[in-house]
Amino acid sequence: MIQDPDAGLLDRLRSGDEQAFVALVGRYREAMLRLAAGYVPSQAVAEEVVQETWIGVLRGLDGFEGRSTVRTWLFRILVNRARTAGSRERRSVAVEDIGPVVDQSRFDGAGGWSAPPEHWIERTDDKLMAAKMADRIRTAIGDLPARQREVVTLRDIEGMSSNEVCGVLEISEANQRVLLHRGRSRLRLVLESEFGEA
Amino acid sequence: MALRLRLRPDLVCQQAVELVTDYLEGALSRRDRRRFESHLAGCPHCTEYLAQMRMTIRITGSVTPEDLSPQMRVEFIELYRSFRAEAGGEPAPDPDA
């Protein structure tokens, strides 16, 4: 049995509760936009894709049997629509981002740190500071290369399992890990460079 | 690179940072996990780096979606109502029935 955080909303939606629809939209619209943006040429088209997705969701309500979680189902519809709307065909780890995740200038000739990580974790004890970092991450995710953005959004914001993510994006586990690694490494670097203290 | 790895059993920091996600995902072989962990045991900087990656994941997980603007709420309610109107014109079941 799949534990589905959206099961309650789904029941309400099926009984015709429009507030449940708005709540579901509120929960996923932003992540959907982030995903759609990687497939289509403009933000406007991404908005259209998201809109179409919600219509598709309403149409598919009766046919949804709960074999996956609601969110997996939503994101599958989204990705299919986005693919149709965009021109991106086969998806693999693109050459959009290669090389080491930590700049090699930070290591000495033997591969040891010459400019070790600056400290910032301690600062997250301050709630305001932690919120500031979360805000910064939100923006930084938007700036990630599209495929990394997709994986990080689904894994780390939505909290999906790697299995679910691979299913939604139709990529291999290994691919997913590479994208996750690059995406997370970039986000860490953003936090370090803005909040780090030597 | 692969050759160097084989000849030198000890990981260096520059290699360790590339293994962090595989480590967290449980995707390293037992042998590589042991090498990674024994590197960490002797390297405070890489230990700090791993802790920072974990914290980055936690902070990312705390990002919540922004609330829909009032205008968007209205638009989506309209979308919902026009869908229902088109889908056979059945009114929503009366919750009090």
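**Close-up views of a predicted two-chain model**

**View 1. Helix H2 of chain A meets helix H5 of chain B in a right-handed crossing.** Everything shown in these views comes from a predicted model. Let's start with how such a pair is described: two packed helices are characterised by the angle between their axes and the distance between the axes. Here H2(A), residues 18-36, and H5(B), residues 70-86, pack at an angle of about 125°, and their axes lie 10 Å apart. That angle makes H2(A) oblique to H5(B). Look for Glu18(A), Phe21(A), Val22(A) and Val25(A) on the H2(A) side of the contact, and for Arg73(B), Phe76(B), Ile77(B) and Tyr80(B) on the H5(B) side. These contact residues comprise 6 nonpolar, no polar and 2 charged.

**View 2. Chain A and chain B touch through many residues: 44 from chain A and 36 from chain B.** Which helices of chain A each supply at least two residues of the side that touches chain B? They are H2, H3 (43-60), H5 (127-143), H6 (146-157) and H8 (173-195). Sorted by class, this side of chain A holds 24 nonpolar, 10 polar and 10 charged residues.

**View 3. Chain B has 5 helices and 0 strands.** Following chain B from the N terminus, you will meet its elements in the order α-α-α-α-α. Of the 97 residues in chain B, 21% are buried.

**View 4. Helix H6 of chain A is largely enclosed by the rest of the structure, because 11 of its 12 residues are buried.** Among the buried residues are Arg147(A), Glu150(A), Val151(A), Leu154(A) and Ile157(A). What do the buried residues of H6(A) pack against? Their partners are H2, H4, H5, H7 (162-169) and H8 of chain A, together with helix H4 (44-61) of chain B. You can also check the length of H6(A): at 1.5 Å a residue, its 12 residues should span 16 Å, and the end C-alpha atoms are 15 Å apart, which agrees. Just after H6(A), find Gly159(A), which takes a positive phi of about 75°.

**View 5. Leu78(A) sits in helix H4 (residues 70-85) of chain A.** Is Leu78(A) buried or exposed? Leu78(A) is buried, because 26 other C-beta atoms lie within 10 Å, and 20 or more is the cut-off for buried. Leaving aside residues up to four places away in sequence, Leu78(A) touches Met32(A), Leu35(A), Ala36(A), Val49(A) and Thr53(A). For a sense of scale, Leu78(A) and Ala174(A) are 96 residues apart in sequence and 23 Å apart in space, C-alpha to C-alpha.

Key. Residues numbered from 1 in each chain as written. Chains lettered and ligands numbered in written order. Predicted model: local features only at pLDDT ≥ 70, side-chain atom pairs only at ≥ 80, totals over all residues. Axes fitted to C-alpha atoms, helices over the stretch in contact; angles between N-to-C directions. Helix = DSSP H or I, 4+ residues; strand = E, 2+ residues; numbered from the N terminus. Parallel < 35°, antiparallel > 145°, perpendicular 65-115°, else oblique. Left-handed = near helix turned anticlockwise from the far one by under 90°. Contact = placed C-beta atoms within 7 Å. Nonpolar A, V, L, I, M, F, W, Y, C, P; charged D, E, K, R; others polar. Expected span 1.5 Å × (residues − 1).
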